[in-house]
Each structure stands twice: as C-alpha cells, then as structure tokens.
Amino acid sequence: MIDFIQLNEAAKAWIAAWNSGDLKSLLDHYADDVVFYSSAATRRWNIEAGKLTGKKALENHFRKAFEEIPGMNLAFRHLLIGTDGVLLVYQRETGRIAADFVLFNGEGKVKEIRVFTEEYFQ
C-alpha cells in the first residue's frame with residue numbers, strides 16, 4: 001500500500017489535472033485495464049450500470065466531460081484511507097459534493113473507481 005503522503009499528493013495531482021484539462025496527466029493515474037463506474041457514463045454513453053472498461057474508454061469519457069463542462073473545477077475536501085484503496089471526497093464547480101471510491105493495483109495505478117455524487121431530489 002502506498003503511504004498517506006503519497007496518496008494525498010496523488011489525489012491533489014488528480015484534481016489539478018482535472019482543473020487544468022490535462023488529459024494525459026489525468027490518464028497517467030489509471031491502469032490500462034481500469035474499470036470505471038459512474039452515473040455520468042450511463043447518461044453520456046447509455047451504458048447499463050455506468051460501467052466503462054479500459055483506459056481508452058475512460059479517455060473518451062473524460063474527453064467528453066471536458067467538452068461538456070469547460071469550466072469544470074474540483075476542490076479537494078477529504079481523503080479517507082482503506083486497506084487497498086481510498087475514498088476521495090471533492091466539491092464540484094456546481095457546489096455539489098462527490099466522492100470516488102478508488103482501488104489500486106500492485107503498481108499503484110487505479111484499477112477500479114466508483115463515482116458517487118450528491119443529488120438533490122425534489
């Protein structure tokens with residue numbers, strides 16, 4: 001397991017990559033065989049359970065996110081450490097809170113990520 005300081009730095013680098021629109025730096029965090037789950041993937045690609053597999057699919061998803069939300073800005077809030085992963089909590093430019101449950105492979109790359117978002121029901 002990577003130590004807390006490294007995880008904290010990686011989380012902040014991930015957020016910086018999003019905020020700068022640096023797709024290459026963003027993708028450097030992920031394993032080639034990453035599995036990604038997000039309600040945005042369901043909406044954007046009409047994929048059941050919002051599941052994307054592989055770095056290329058993730059690249060397409062992130063590229064589309066940059067196009068759809070040009071002013072995207074994430075603010076780091078918390079990092080919770082588990083035995084083989086983390087829960088990264090951040091705030092979106094909309095003010096809504098989101099959290100990514102992230103699992104790592106043996107090389108320290110993200111092998112699985114599950115995105116949770118704050119939704120308002122009326």
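This passage describes the pockets and the salt bridges of a predicted model.

Let us begin with the open spaces. The largest pocket holds about 550 Å³ of space. Its lining is made up of 28 residues, and those that lie nearest the centre are Ser38, Ala40, Ile69, Arg92 and Thr117. Several elements give two or more residues to this lining: the helices are H1 (4-20), H3 (39-45) and H4 (55-68), while the strands are S1 (30-37), S5 (97-104) and S6 (110-117). The greatest contribution to the lining of the largest pocket comes from H3, which gives four residues. Sorted by class, the residues lining the largest pocket are 15 nonpolar, eight charged and five polar.

The second largest pocket has a volume of about 280 Å³. Around this pocket stand 19 lining residues, with Ala10, Ala11, His29, Phe104 and Val110 lying nearest its centre. At least two lining residues come from each of H1, strand S4 (85-91), S5 and S6. Here H1 gives the most, with five residues. The lining of the second largest pocket divides into 13 nonpolar, three polar and three charged residues.

Attention can now turn to the charged side chains. The structure holds nine salt bridges, and a good place to start is helix H4, where Glu59 and Lys56 both lie. The side chains of these two residues meet in a salt bridge, with an N to O distance of 3.7 Å. Glu59 and Lys56 are three residues apart, which is about one turn of the helix. How accessible is each partner, buried or exposed? Glu59 has a relative accessibility of 18%, so this residue counts as buried, the cut-off being under 20%. Lys56 has a relative accessible area of 53% and is therefore exposed, since exposed means over 50%.

Glu59 also takes part in a salt bridge with Arg63, and in this pair the closest N and O atoms are 2.5 Å apart. Why are Arg63 and Glu59 separated by about one helical turn? The two are separated in this way because they are four residues apart in helix H4. Arg63 is partly exposed, with a relative accessible area of 36%.

Further along in the description of helix H4 comes the pair Lys64 and Glu67. Their side chains meet in a salt bridge at 3.9 Å, N to O. Because Lys64 and Glu67 are three residues apart in the helix, about one helical turn separates them. The two partners can also be described by their accessibility: Lys64 is partly exposed, with a relative accessible area of 32%, whereas Glu67 is exposed, at 51%.

Finally, salt bridges can join more than a single pair of residues, as a network in this model shows. Which residues are linked in this network of salt bridges? The members are Arg43, Arg44 and Glu68. The ranges of the elements help to place these residues: H3 spans 39-45 and H4 spans 55-68, and both helices give two or more residues to the lining of the largest pocket.

Methods: Residues are numbered from 1 along each chain as its sequence is written. This is a predicted model: local features need pLDDT of at least 70, side-chain atom pairs count only at pLDDT 80 or more; totals for chains, interfaces and linings use all residues. Side-chain values use heavy atoms; hydrogens and water are left out. On a 1 Å grid over the protein atoms alone, a cavity is a set of points where a 1.4 Å probe fits but cannot get out, and a pocket is an open set with protein on both sides within 12 Å along at least five of seven lines; lining residues have an atom within 4 Å of a point. Grid points are joined across faces, edges and corners, and a volume is the space filled by probe spheres set on the points. Ala, Val, Leu, Ile, Met, Phe, Trp, Tyr, Cys and Pro count as nonpolar, Asp, Glu, Lys and Arg as charged, and the others, Gly among them, as polar. A salt bridge is a side-chain nitrogen of Lys or Arg within 4 Å of a carboxyl oxygen of Asp or Glu. Buried means under 20% relative accessible area, exposed over 50%, partly exposed in between (1.4 Å probe, protein chains only).
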